[in-house]
Amino acid sequence: MSLATRPVASVPNDLAAFWVPFTPNRAFKKAPRLIARAKDMHYYTVDGKAVIDGSAGMWCCNAGHNRARIVEAIQSQAGELDYPPAFQFSHPKAFELASRIAALAPADLDHVFFCNSGSEAVDTALKVALAYHNVRGEASRARLIGRERGYHGVGFGGISVGGIVANRKMFGTMLAGVDHLSHTYNREQQAFTKGEPEWGAHLADDLDRIVALHDASTIAAVIVEPMAGSTGVLPPPKGYLQRLRAICDKHGILLIFDEVITGFGRLGCAFAAERYGVIPDMITFAKGVTSGTVPMAGVIVRKGIYDAFMRGPEHVIELFHGYTYSAHPLACAAGLATLDVYRDEKLFERAAALEGKWADAAMSLKGTPGVLDIRTLGLVAAIDLSSRPDAYGKRAYDSMEKAFHEHGLMFRITGDTIALSPPLIITEDQIGEIFDKVGKVIRQVN
Ligand SMILES: Cc1ncc(COP(=O)(O)O)c(C=O)c1O
């Protein structure tokens, strides 16, 4: 039966019990945006309306929705092996997926620790960094450095190194010994740039300032998103990441790239590290690894980090860390099938090939009333809207509601910024359709 002819989904008549995350619950429950089904580039609402997916769900569904190969892999795994213990036992697909991910990662990033969410991956990377210095006899390296406007999930580790005020201010003092680099956005210098802005590489030198304050011997690691996603898409200035790597090297500080969004093709490569030719010491990933189908995440570490732990008696656990559902069989099966789809359909290459068309289409909205800046990178775009007096975030919120209910388009918002990041299977016509709809919505909410 085709999606269009299937009966509509039943709608719950009581929305009270579910506390919807990162959502204004009262407003949502008055006019809920409920999705019943999905296929390829589209969602279908509970009343059967098609909605084109301009955000790959939440930066997850890079292979498009409900792809047959991935669905079949999950179904068949569910009938084969539900769950083996994740500690002291394992299953073959966990090793297979780790090898496949290591092969995609650059240089000697060749060991993978599995988690279930980006937040867990970030916590894991931060803990590995601290423990790594510890096992090498440099336990004084206990400080962690994040960046303003960074998003690293919602665990205490992630909000501590993260730089989003609203995500931090209600939650006490968080981790001790954390400092932040300045963010890299400057509208005067960078507005309406396609790709990496020319201005801003020098902002990496902020790390030298922090080192001068605390001394390198107290600093374990720096964590940054190669492209800050959740605070409104901030592409790295040209040369910035290279400079950050050089300063970390100078001081023996580990560099962690949080690639939860940028991993698995979003920027036209398997990882942003490859796009920029910068080798971090660890990469966190999530979302695209299973194209959003089953929760999975992880940390890829360089050989030297893994090797540093492989000492002491062989019956003793080397890293006291892990999750009940690390490398869950369903997630591994989904991940393997997803990587097959990416490879066979050349979806990372497709994202790279479409980058120019995508950027041109996004920039065609320059000059639309109320548009303050547009940024693009890979298959990502952000559009800053002018804020309503005394109602920061309301214009973008209204635009999201109208896009969904009136134009059959889904995108994400943050503050008064619209963020777009479609599945990598998008066609050129669909790129046109999305930006045409975005333009209409922006004019409507102006
Ligand atoms: C860069 C980055 N790190 C971490 C996370 C947290 O991932 P999760 O929501 O799976 O915990 C996100 C989520 O959007 C992210 O964008």
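## A walk through two sheets and a ligand site

Start by selecting helix 16 (residues 428-445): it lies across strand 2, strand 3 and strand 13, running at about 105 degrees to strand 3. Helices (H or I, at least four residues) and strands (E, at least two) are DSSP runs numbered from the N terminus. Axes are lines fitted to C-alpha atoms, for helices over the stretch in contact, with angles from 0 to 180 degrees between N-to-C directions.

Before moving on, note that this is a predicted model, where local features need pLDDT of at least 70, side-chain atom pairs count only at pLDDT 80 or more, and totals for chains, interfaces and linings use all residues. Residues are numbered from 1 along each chain as its sequence is written, and side-chain values use heavy atoms, with hydrogens and water left out.

**The four-stranded sheet**

Now show the strands under that helix. They belong to an open, mixed sheet of four, ordered 1-2-3-13. Strand 1 (35-39) and strand 13 (409-410) are at the edges with a single partner strand each, so one side of each has no neighbour in the sheet. Two strands count as paired if DSSP finds at least two bridges between them. Zoom in on strand 2 (residues 42-45) and strand 3 (residues 50-53): they run antiparallel, joined by three bridges. Pick Tyr44 and you'll find Ala50 of strand 3 opposite.

**The seven-stranded sheet**

Next, select the other sheet: seven strands, open and mixed, in the order 4-10-9-8-7-5-6. Its edges are strand 4 (109-115) and strand 6 (178-181); each has a single partner strand, so one side of each is left without a neighbour. From one strand to the next, the twist averages 20 degrees.

Strand 5 (residues 143-147) pairs with strand 6 in the parallel sense over four bridges; click Ile145 and its bridge partner in strand 6 is Asp179. Helix 4 (residues 92-104) packs on this sheet, touching (heavy atoms within 4.5 Å) strand 4, strand 9 (282-285) and strand 10 (297-302), at about 130 degrees to strand 4. Helix 9 (residues 206-214) lies across strand 5, strand 6 and strand 7 (219-224), at about 150 degrees to strand 6.

**The ligand**

Finally, select the ligand and the residues near it (a heavy atom within 4 Å). The surrounding residues include Tyr151, His152, Glu225, Asp258 and Ile261. For polar contacts (N or O pairs within 3.5 Å), look at the ligand's oxygen atoms: a polar side-chain atom of Ser119 lies 2.6 Å from one, and one of Lys287 lies 3.0 Å from an oxygen.

Conventions. Polar contact = N/O pair within 3.5 Å; in protein donor to acceptor, adjacent residues only side chain to side chain.
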